[in-house]
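Please work through the following exercises with the sequence and the model side by side. Each one sets a task and then gives a solution in steps.

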Amino acid sequence: MYSDVVFVDALDQDALQHSSTLGLTKREGEVLTQRADGRSIAEIARVLAVEPRTVKFHLQNIYAKLGTRERSQVARQLALTRYARARDRTADDDTGRIAATRLLAPPAPSSVLFRPDRKLTHVLRHNRFTLSAEMLPPRNGAEQSAVLGQVAQLVDAGAHFLAVTKGAGGSLRGGSLPIAQAIKERFGVPAIAHFTCRDLVAEEVENQLVDHHYFGIRNILALRGDPPDGLPEWLPRAGGYNYAYQLIEQIRRLNEGHYLVRRGGPSSGGQEPADFCIGAAAYPEHPDPQQGLAYFKRKVDAGAHFAITQMVFDADAYGRFLDRCERAGLGIPVLPGTRILRSRAQATKTAEKFGVSVPPGMRRTLPAALQTPEDPDATERGLECFLRLVERLRVLGAPGVHIFITHTPTAWAALTRLIDHPPGVAPVPVARHRG
Ligand code: FAD
């Protein structure tokens with residue numbers, strides 16, 4: 001373990017010495033500093049008052065000057081992370097050089113190995129309109145490389161943050177914590193780890209949350225969790241939780257320094273408070289709007305700081321939900337989730353499965369079914385619907401849009417178009433479908 005850390009330090013030295021002798025221009029230096037601090041291309045463009053494509057151009061030069069021969073996003077993010085670590089460790093060194101003794105220094109403290117993530121509330125506050133996506137962890141026992149490649153594509157497209165589901169569909173697979181951790185450490189963008197409680201008792205919830213905290217995960221989407229597929233009559237374990245608001249309450253109590261009292265352990269009070277940013281699921285199209293709102297209010301009262309909605313295709317349904325929240329005095333940001341539908345068949349299936357509505361205009365724009373898995377015409381029509389939806393959501397007051405990914409190339413194309421043409425600033429180009 002110790003030798004691993006020294007090896008990483010040695011890599012970092014290479015990266016720093018390399019970058020300092022490679023003649024970055026002043027502007028490249030500014031872009032590199034911001035990117036290494038985890039800012040998205042859109043954020044950097046805004047800070048430097050340039051077009052996102054200008055930032056992308058500078059980044060290409062920077063990666064070349066950092067000696068990143070490989071063009072993959074994983075390699076590029078690794079170069080940035082190495083640069084940032086080396087820079088952070090020399091911040092106190094006037095000469096800007098790394099003291100030779102640092103090679104022999106003891107391992108960095110855990111706060112450096114696992115940096116606390118930026119909180120979602122902060123990210124939402126500091127961006128005019130966020131772009132983000134929700135992805136699945138690898139299947140049980142599968143390699144991480146495909147998922148990390150997917151992360152790299154989404155980060156490259158300009159995602160401000162990414163969320164990782166937990167056992168969606170009722171399966172019990174893991175992977176959310178390590179992938180969320182990799183997203184924030186290796187790719188420099190904030191991550192949300194979904195956390196489901198339907199199979200856990202309070203002690204297990206606390207153990208897992210403490211592990212998340214050690215790894216620097218700060219954004220938790222607190223969920224009850226899907227019942228196992230085919231078991232709609234599922235009941236929680238004895239001592240387990242029925243509802244997400246109970247999980248949210250437990251996380252809030254950890255934030256207040258109240259841990260469970262366990263036999264032989266310290267008393268509840270006086271322990272180090274956790275520092276989680278707590279998210280909750282919201283359902284704008286709950287079959288009983290008033291009851292749905294009351295359930296949502298319970299989660300906000302329990303301590304939720306932000307919410308992500310069930311997928312929305314009808315922007316007005318989202319707008320009505322925001323109105324209900326406002327009337328009830330619920331002031332937390334509610335980020336609309338959505339999927340990019342590419343056929344009417346998908347629309348029907350999704351609407352039935354998740355109890356959401358797909359407006360007739362959207363259905364008319366989509367082809368009946370996909371001709372091939374890639375089907376460029378269906379992708380283009382799907383993007384057209386998506387981009388119109390996003391514009392309407394923004395007008396209704398959405399703080400951003402969160403894409404539930406079903407097809408990574410389509411999600412990439414959607415993010416790229418939105419980054420180059422932010423909603424409300426310039427018209428987003430859509431290739432109008434024929435007929
Ligand atoms: P809750 O809000 O607790 O709702 C659970 C049930 O209880 C619902 O039927 C609700 O109507 C009812 N209810 C809620 N509050 C009360 C109350 N106070 N009194 C009485 N009844 C109440 N599932 C996964 O397994 N993994 C994931 O990663 C995942 N990610 C998701 C992400 C988003 C953005 C959303 C919207 C859903 C996600 N889900 C996920 C699905 C979600 O976990 C399921 O829909 C689950 O059935 C409900 O979880 P919840 O957190 O909304 O629970």
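**Exercise 1: an unusual backbone angle**

Asp-375 is buried, with a relative accessible area of 7%. The model is a predicted one, and the task is to place Asp-375 in the chain and to describe its phi.

Solution. Begin with the burial: residues count as buried under 20% relative accessible area, and Asp-375, at 7%, is therefore in that class. Next, locate the residue along the chain, where Asp-375 lies in the loop that runs between α15 (360-365) and α16 (376-395). Finally, turn to the backbone, where the phi of Asp-375 is positive, at about 30°, although this residue is not a glycine.

**Exercise 2: the two sides of a helix**

Determine which residues of helix α14 (residues 344-354) are buried, which are exposed on the other side, and what covers the buried ones.

Solution. First, list the buried residues of α14, which are Ala-347, Thr-350 and Ala-351. Seen down the axis of α14, these buried residues fall within an arc of 100°, so they line one face of the helix. Second, look at the other side of α14, where Lys-349, Glu-352 and Lys-353 are exposed. Third, ask what covers the buried residues of α14: the covering elements include β6 (306-311) and α15. To finish, follow the chain beyond α14 to Gly-355, whose phi is positive, near 65°.

**Exercise 3: a pair of helices**

Describe how helix α8 (residues 145-157) and helix α17 (residues 408-420) are arranged relative to each other, and which residues make their contact.

Solution. Start from the axes of α8 and α17, which come within 8 Å and cross at roughly 20°. Angles under 35 degrees count as roughly parallel, and α8 is therefore roughly parallel to α17. The crossing in which α8 passes α17 is right-handed. On the α8 side, the contact is made by Gln-150, Gln-153, Leu-154, Asp-156 and Ala-157, while α17 contributes Thr-408, Ala-411, Trp-412, Leu-415, Thr-416 and Ile-419. Sorted by character, the residues of this contact between α8 and α17 divide into six nonpolar, four polar and one charged.

**Exercise 4: the whole protein**

Summarise the secondary structure, the share of buried residues and the sequence separation of the contacts.

Solution. Count the elements to begin with: the protein has 17 helices and eight strands. Then consider burial, for which the buried residues make up 49% of the 435 residues in the protein. Lastly, take the contacts between residues at least 6 apart in sequence, among which 77% join residues at least 24 apart.

How values were computed
Residues are numbered from 1 along each chain as its sequence is written. This is a predicted model: local features need pLDDT of at least 70, side-chain atom pairs count only at pLDDT 80 or more; totals for chains, interfaces and linings use all residues. Side-chain values use heavy atoms; hydrogens and water are left out. Axes are lines fitted to C-alpha atoms, for helices over the stretch in contact, and angles run from 0 to 180 degrees between N-to-C directions. Helices (H or I, at least four residues) and strands (E, at least two) are DSSP runs, numbered from the N terminus. Angles under 35 degrees count as roughly parallel, over 145 as roughly antiparallel, 65 to 115 as roughly perpendicular and the rest as oblique. A crossing is left-handed if the near helix is turned anticlockwise from the far one by less than a right angle, and right-handed if clockwise. Contact means heavy atoms within 4.5 Å. Ala, Val, Leu, Ile, Met, Phe, Trp, Tyr, Cys and Pro count as nonpolar, Asp, Glu, Lys and Arg as charged, and the others, Gly among them, as polar. Buried means under 20% relative accessible area, exposed over 50%, partly exposed in between (1.4 Å probe, protein chains only). The arc is that of the directions from the helix axis to the C-beta atoms.
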